[in-house]
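Grab a pencil and work through these short exercises on cysteine pairs. Try each task yourself before you read its solution.

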Amino acid sequence: MPVVETQEPLFSQRGGRRYGPVVASVVVAVIVCLLVTAFVVFQLASGAHADHAEHPGPGANDYVEISDVPVGAPPPAVTPDGSTGSFAEHCGSDADGLHRNADNVIASPGVSGGAHHVHDYVGNLSTNAFSTDASLAAAGTTCASGDKSTFYWPVLRILGEQGSDANAVGGGVDGNVGRIITASSVNIQYVGSPVSKVVAAPEFLRETIGDPKALTDGGQFAAVHWTCTGHTNQITEQYPICPTGSQVERIFDFPSCWDGRSLDSTNHHTHLMSPAANGECPHATFPVPELRIVLTYAVPTGSDYAIDSFPEQLRSPISDHGDYIDVMSDQEQAQVVSCINSGRAC
């Protein structure tokens, strides 16, 4: 949960009758200021929300015709030491919208509505702000394999249409308006490294792709990409405008170079980094199975759409992000590693 710091004003009280009224006024003003500050801090710490007007974003520059997106560079070449296998998960798409909330147990644990936008979930059935490793391990799952890991991301909305959560936290209360559209397909798989074998990821490893505050953070960790079906060699960080008959695709390639020690980090990024362009992991990190999630959406032709975001992120596509908590057993993780390192598609 973000730490809110306050610093009390330092002031001195001068003696003498001529300063009495002035000092009294200053003291009263300072006390009022501190009380207001304390109330705001309490509201933020408790996850309270103020009513927000509809976000002014996204803007015209947040969209691009897919035909205007250049063809991307080819993936790095696979070396003899590379791991070419894959392991697919079948966890559904939350088509009925039964598992959604405005929580983020990784970024804002213990804060109900702390994300200020709505997330879609698949996998673990219990995930919310108050989840623990133990509660996740004890819960059910939508994954056919029995994997209890949790996968989540901000919902996508069709703008200009009435949403069912116009008066709810994460929705209209936080400025996110429009009709939520569920992905028509959710493709989840783990893949290997083009230059080396992978090692097992530890149970309860936290992974984050992208940055929900990228618009105001300078975009350092912005990493989610978009394309259209039939145009998957044209990748963009903007919302693509797809031709008739083509669907919007949203791509999460999670970081896969683990530091070998930590299950999480303060900024949720430094314990698990992305490989270099040639596929190699940074020094003192180890390749674990790379999680790849591709979401496909049947966005009506001509409709504006956008993800949910924090109010100040203006629903910008560069603020898109996804999160994952590995709740695989050692046996399940060993099966994933075996498939990937042996070059099998499982």
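**Exercise 1: a left-handed link**

Cys228 is joined to Cys242 by a disulfide, with 2.0 Å from S to S (a disulfide is a pair of cysteine sulfur atoms within 2.5 Å). Before you start: this is a predicted model, where local features need pLDDT of at least 70, side-chain atom pairs count only at pLDDT 80 or more, and totals for chains, interfaces and linings use all residues. Residues are numbered from 1 along each chain as its sequence is written, and side-chain values use heavy atoms, leaving out hydrogens and water.

Task: work out the handedness of the link between Cys228 and Cys242.

Solution:
- Step 1. Look at the torsion about the S-S bond: it is -85 degrees, and the link of Cys228 and Cys242 is left-handed.
- Step 2. Now check burial: Cys228 has 0% relative accessibility, so it counts as buried (buried means under 20% relative accessible area, exposed over 50%, partly exposed in between, with a 1.4 Å probe and protein chains only).
- Step 3. Cys242 is buried too, at 16%.

**Exercise 2: another pair**

Task: find out whether Cys281 is buried, partly exposed or exposed.

Solution:
- Step 1. Find its partner: Cys257 and Cys281 form a disulfide, with sulfur atoms 2.1 Å apart.
- Step 2. The torsion there is about -80 degrees, so this disulfide is left-handed.
- Step 3. Cys281 has 25% relative accessibility, so it counts as partly exposed, while Cys257 is buried at 0%.

**Exercise 3: the whole set**

Task: how many disulfides does a search of the whole structure find?

Solution:
- Step 1. The search finds four.
- Step 2. Counting bonded cysteines along the chain, the pattern is 1-2, 3-4, 5-6, 7-8.
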